[in-house]
Amino acid sequence: MTVMERDDLTDTRTSVEEQRRQEADLRARKLRGRNLAVLAALLALVALFYAITVVRMSGAH
Amino acid sequence: MTDVTNELTLNHTGGASAGDFIELLKPRVMSLVVFTGLAGVVLAPGHIHPFLAMVAVLCIAVGAGASGAINMWYDRDIDAVMTRTVKRPIPSGRVEPAEALGFGVTLSVLSVVVMGLAVNWTAAALLAVTIGFYIFVYTMWLKRRTPQNIVIGGAAGAFPPMIGWAAVTGTVDLPSVLLFLLIFLWTPPHFWALALFRNGDYTRAGVPMMPVVAGEAATKRQMLLYTLILLPVAAAPYFVGIAGPVYLAVSAILGLMFVGCAVRVLRASDDKPAKKMFGFSILYLFLLFAVMMGERMILGGWA
């Protein structure tokens, strides 16, 4: 194996690692977004049930 | 079915984003459902607390979206071969089929329970029937078996104004049945117009839409027939007292325009009139309900 071929191999390995890192970043970003969406949905549900209870208990329906 | 989706999933990394789950709810279909559901609430006699009216419309929207997600789970094999649906979250591998099913079932149950607890159990029962009808009767039973799939299955999309009405009154009355009939009879010409210019898609997927099974000429004749039946049905809300004279005039004009669209489609040999009719059909339904609600809100009262 020549020096040039070894350099090519190293370049390929680096670019594969770089691609994996980018994919991991993307996955982490999406997961964080999903977790925040679930948190928002749960908080909205709590607020919704609270408001429904208040309205129904006030007898205004 | 599974092979196609698994292969696609393996080629796609990154997992699903929150937006992909929103897409599972078919937001565009949901908007029309929300609008007609709201119409039911506005047109019904009696009083409902504005917040509870909002909750009722929210439940209708979430229930419709949830059944859309379950529909995408069940139809993932045919969605993967149709141009119109290939980019949906499941066939494109962004959402796992099981995730979509879990998401849809959870939201279905939640929407019915919240409707029952916050509004009333008649509206909740109607919402449950709508979701069940769309999933079991339309998606699982009729869609792949008969060209009458969207005729009978169209009932699922026609329920929202009836649910909205029941949210206020707690009952099912003649005017709400008429609103149901209006959407029920509008569905075949609306969907068949789409099927005419997406014929290749449905043929490839093996879905027996009317143009695929009975041919284009027979479909076009039936579309014209439905638009003619719609003329008196669309006028009926005036005669039962939930719409005024402006609505009667608008429904007659729009109805004749809809018939005109169907005649142009019948005479045409290309897709253009069908595409125009599909677009007009959405506008037609939107305007009918908008005028009905507008007249009610401006003039008030209930006959």
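Domain bounds here come from an automatic or database domain assignment. The legends below all refer to a predicted model.

**View 1. Chain B, split into its two domains.** For chain B the assignment gives domain 1 (1-171) and domain 2 (173-303). Their centres, taken over C-alpha atoms, sit 22 Å apart. Where the two meet, 29 residues of domain 1 of chain B are in the contact, along with 27 residues of domain 2 of chain B. On the domain 1 side, helix H3 (27-43), helix H8 (149-158) and helix H9 (160-169) of chain B each put in at least two residues. Sort that side by class and you get 17 nonpolar, eight polar and four charged residues.

**View 2. The largest nonpolar core, and who sits in the thick of it.** This core counts 99 residues, and the ones touching the most other members are B:Ala56, B:Met115, B:Ala123, B:Leu127 and B:Ala167. The biggest giver is H4(B), with 16 residues. Since domain 1 (1-171) and domain 2 (173-303) of chain B both give residues to the core, it lies between them. As a general matter, nonpolar side chains tend to be buried together in soluble globular proteins. For a look at one of those well-connected members, take B:Leu127: skipping its neighbours within four places in sequence, it is in contact with B:Cys59, B:Ile60, B:Gly63, B:Ser111, B:Val112, B:Met115 and B:Ile163.

**View 3. Helix H4 of chain B, wrapped up by its surroundings.** H4 covers residues 50-74 of chain B. Its 25 residues, at 1.5 Å each, should span 36 Å, and the end C-alpha atoms are indeed 36 Å apart, so the two agree. Of those 25 residues, 21 are buried, so H4(B) is largely enclosed by the rest of the structure.

**View 4. B:Gly104 in its pocket of neighbours.** Look for this glycine in helix H6 (residues 97-118) of chain B. B:Gly104 has 24 C-beta neighbours inside 10 Å; the cut-off for buried is 20 or more, so B:Gly104 counts as buried. Leaving out neighbours within four places in sequence, B:Gly104 is in contact with B:Ala66, B:Ser67, B:Ala69, B:Ile70 and B:Trp73. As for B:Thr130, it is 26 residues from B:Gly104 in sequence and 14 Å away in space, C-alpha to C-alpha.

**View 5. Helix H14 of chain B and the helices it packs on.** H14 takes in residues 245-267 of chain B. Those 23 residues should span 33 Å at 1.5 Å a residue, and the end C-alpha atoms are 33 Å apart, which agrees. The buried residues of H14(B) are B:Tyr247, B:Ser251, B:Leu254, B:Gly255, B:Phe258, B:Cys261, B:Ala262 and B:Val265. They pack against helix H10 (174-197), helix H13 (216-239) and helix H15 (272-299) of chain B.

**View 6. Chain A meeting chain B.** Chain A has one helix and zero strands, and 0% of its 61 residues count as buried. The contact between the chains takes 13 residues from chain A and 12 residues from chain B. On the chain A side, seven of the touching residues are nonpolar, two are polar and four are charged. The model scores ipTM 0.77 and pTM 0.86.

**View 7. The start of chain B, where confidence drops.** Chain B averages a pLDDT of 91, with 94% of its residues scoring at least 70. Residues 1-12 of chain B are another story: pLDDT stays under 50 there, and the model has 19 contacts beyond four places in sequence for that stretch.

Definitions and conventions
Residues are numbered from 1 along each chain as its sequence is written. Chains are lettered from A and ligands numbered from 1 in the order in which they are written. This is a predicted model: local features need pLDDT of at least 70, side-chain atom pairs count only at pLDDT 80 or more; totals for chains, interfaces and linings use all residues. Two residues are in contact if their C-beta atoms, placed from the backbone, lie within 7 Å. Ala, Val, Leu, Ile, Met, Phe, Trp, Tyr, Cys and Pro count as nonpolar, Asp, Glu, Lys and Arg as charged, and the others, Gly among them, as polar. pLDDT is the predictor's confidence in each residue, from 0 to 100. Helices (H or I, at least four residues) and strands (E, at least two) are DSSP runs, numbered from the N terminus. The expected span of a helix is 1.5 Å times one less than its number of residues. A residue is buried if 20 or more other C-beta atoms lie within 10 Å of its own, exposed if 12 or fewer, and partly exposed in between; C-beta atoms are placed from the backbone. A nonpolar core is a set of buried Ala, Val, Leu, Ile, Met, Phe, Trp, Tyr and Cys residues joined through C-beta atoms within 7 Å.
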